[in-house]
Amino acid sequence: MAHSARILVASNRGPVSYSVSPDGTLTSRRGGGGLVSGLSAIGPDAGALWVCAALSDADREAVAQGVTEPGSRMIAVPPEVFHAAYNDIANSVLWFVHHMLYQTPLEPVFDEEFRGQWAGYETYNAAFADAIAEEAAEGAAVLVQDYHLALVPALLRERRPDLRIGHFSHTPWAPPDYFRLLPDDVAARLLTGILGADRAGFLTRRWADAFAACCVSVLGATVSDDGSEVTYQGRTTRLGVHGLGADGDFLRERAHREDVDERIGLLRSEAGPGRRLIVRVDRAELSKNIVRGLLAYRQLLQDHPGWRERVVHVAFAYPSRQDLALYRAYTEEVTRVAGEINEEFGTRDWQPVMLKVDDDFARSLAAYRLADVALVNPIRDGMNLVAKEVPVASDGGVALVLSREAGAYEELAEDAITVNPYDIRQTAAALNTALTMPEAERADRTKRLADAATALPPSRWFLDQLTALGG
């Protein structure tokens, strides 16, 4: 019923997706993740609603047929509008800006084609604002998620000034000099969009401070002395930091199911008996820095030949955004470099790199349990939950090699071996340090890492934001 939801979450991806069976019937599949856990934590009688996008043709068909799941509302915009908003702007512009991925001699180019795509992003955000305004009860709490929906808070404020609105950014936030690559009007619109919220949340203080600095640089806004508030045109938005943690209970239980045990045996057999394992688990995403990780591993084998035939780099690079040519090319480069290392160093009985590019969650958990070393070296990352999950799931203790550009660095740096993600020699040396770490020290560090990693599990992360918003 319209105007009945007391707590609303808005995100691009929702808790349910649909598929069409051969006979034409629709089948729903429920996903997981932090927001699902968070909404579950508030209880079934809280009057909560999740507003999300129809991502596929099957999702759009479900909307057309009026098929819904309790507690969710799916929005179907025309496919070309969704493509412009999601692929062309959110993933190909905003993601690149916040992760500082552009090769600036050639990109970005903000031309008339971009302006058409930006219009699609505006339409997409307006559709969310309309749906939330229609569904929200008087004075409801609304938690808007991420860079896909940066304009929603201000648009919703215009439609429903009675609502309590929060926005949370799951990515890094670019510093002002980089953020100002965007056209001035677009940069201002993104910032004022989020400033339409009562409260803007970030994964680390670093990202919150960068947002505030952009507000000062682009808008001429003022920031409180403690950095907790931004004031612009007479309106104040509070800033908050919530470092999303791993779901320890779920991870430990799921990592010990039968399918994971089976994959442990397969991984051990493929790696070879007694060999140490350097593990990475990532999407094949440009910001994850997989190629430089492989180059650092090659440097390790060159600098420390004693590790040859004694260590295997287990690299899981699961497909990401393969509808974009740049991502397909990156995945191909990962495969090429891994092949070169195997050709250069491999022997009849030893394959130095075990690369997998097909998604398999149970296999990832098996690798978490077996890892002697975890390599997490992103160029830039809002948080990086892999860095938090591996210590939690580890069987025998793990040494974490961690990029200082990961959001997780803020919480885990003391017990990780930290690196500049661009420095191949330093990363290779860190891998050697990790491999030679005494067992007792590794166990102690793993315990402290796991404690830090689970300090703010998804359910509490969500509830803390709701409480801070006054929900």
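Here are some notes on this structure, point by point, from the whole chain down to single residues.

1. **What you are looking at.** Please keep in mind that this is a predicted model. The protein chain contains 18 helices and 17 strands. Along the principal axes, its C-alpha atoms fill a box of roughly 65 × 55 × 45 Å.

2. **Overall packing.** For 471 residues, a compact globule would have a radius of gyration near 23 Å, and the protein chain agrees, with 23 Å. Of the 471 residues, 56% are buried. If we take the contacts with a separation of 6 or more, 77% come from residues 24 or more positions apart. The surface that the protein chain exposes comes to about 19300 Å², with carbon and sulfur atoms supplying 49% of it.

3. **The main core.** How many residues does the largest nonpolar core have? It has 167, and Trp173, Phe179 and Leu190 are those with the most contacts inside it. Phe179 is a good residue to click on: leaving out residues up to four places away in sequence, Phe179 touches Val97, His98, Trp173, Ala174, Ala187, Leu190, Leu191, Cys214 and Val218. Two of the core's best-connected residues, Trp173 and Leu190, are thus on the contact list of Phe179.

4. **Aromatic pairs, starting with Trp173.** The count of aromatic pairs comes to 13. One of them joins Trp173 and Phe211 edge-to-face, with 5.1 Å centre to centre and 90° between the planes. Trp173 sits in the loop between strand E7 (164-169) and helix H6 (176-179), while Phe211 belongs to helix H8 (residues 205-219), so this pair ties together parts that are 38 residues apart in sequence. Trp173 counts as buried at 4% relative accessibility, and Phe211 is buried too, at 0%.

5. **A stacked pair with an arginine over it.** Phe316 and Tyr318 form a stacked aromatic pair, 5.9 Å centre to centre with 25° between the planes. Phe316 is buried, with a relative accessible area of 0%, and Tyr318 is buried at 6%. Which residue lies over the face of Phe316? That is Arg363, at 4.8 Å from the ring centre. Elsewhere, ring pairs link Phe82, Tyr86, Tyr124 and Phe128 into a cluster.

6. **Helix H13, where Arg363 belongs.** Helix H13 (residues 361-370) is mostly covered, with nine of its 10 residues buried. The buried residues are Ala362, Arg363, Ser364, Leu365, Ala366, Ala367, Tyr368, Arg369 and Leu370. So what covers them? The cover includes helix H9 (248-254), helix H10 (258-271) and helix H14 (386-393), along with strand E12 (276-283), strand E13 (311-318) and strand E14 (353-356). Arg363, the residue over the face of Phe316, is thus among the buried residues of H13.

7. **Gln117 in helix H4.** Is Gln117 buried or partly exposed? Gln117 is in helix H4 (residues 112-135). Its relative accessible area is 15%, so Gln117 counts as buried, the cut-off being under 20%. Apart from its neighbours within four places in sequence, Gln117 is in contact with Ala84, Asp88 and Ile89.

8. **Thr454, between two helices.** You will find Thr454 in the loop between helix H17 (439-453) and helix H18 (458-469). At a relative accessible area of 22%, Thr454 is partly exposed. Where does Thr454 stand relative to Gly248? The two are 206 residues apart in sequence, yet 5.9 Å apart in space, C-alpha to C-alpha. Not counting residues up to four places away in sequence, Thr454 touches Ala246, Gly248 and Val392.

9. **Tyr422, in another loop.** Tyr422 is placed in the loop between strand E17 (417-419) and helix H16 (424-435). Tyr422 counts as partly exposed, at 46% relative accessibility. Between Tyr422 and Asn289 there are 8.6 Å in space, C-alpha to C-alpha, with the two 133 residues apart in sequence. With residues up to four places away in sequence left out, Tyr422 touches Arg292 and Ile379.

Technical notes. Residues are numbered from 1 along each chain as its sequence is written. This is a predicted model: local features need pLDDT of at least 70, side-chain atom pairs count only at pLDDT 80 or more; totals for chains, interfaces and linings use all residues. Side-chain values use heavy atoms; hydrogens and water are left out. A nonpolar core is a set of buried Ala, Val, Leu, Ile, Met, Phe, Trp, Tyr and Cys residues joined through side-chain atoms within 4.5 Å. Buried means under 20% relative accessible area, exposed over 50%, partly exposed in between (1.4 Å probe, protein chains only). Contact means heavy atoms within 4.5 Å. Rings of Phe, Tyr and Trp (its six-membered ring) pair if their centres lie within 6.5 Å; planes under 30 degrees apart count as stacked, over 60 as edge-to-face and the rest as tilted. Helices (H or I, at least four residues) and strands (E, at least two) are DSSP runs, numbered from the N terminus. A charge sits over a ring if NZ of Lys or CZ of Arg is within 6 Å of the ring centre and within 35 degrees of the ring normal. The radius of gyration is taken over C-alpha atoms; the globule rule is 2.2 Å times the number of residues to the power 0.38. Accessible areas come from the Shrake-Rupley method with a 1.4 Å probe; for residues, only the protein chains shown count as cover.
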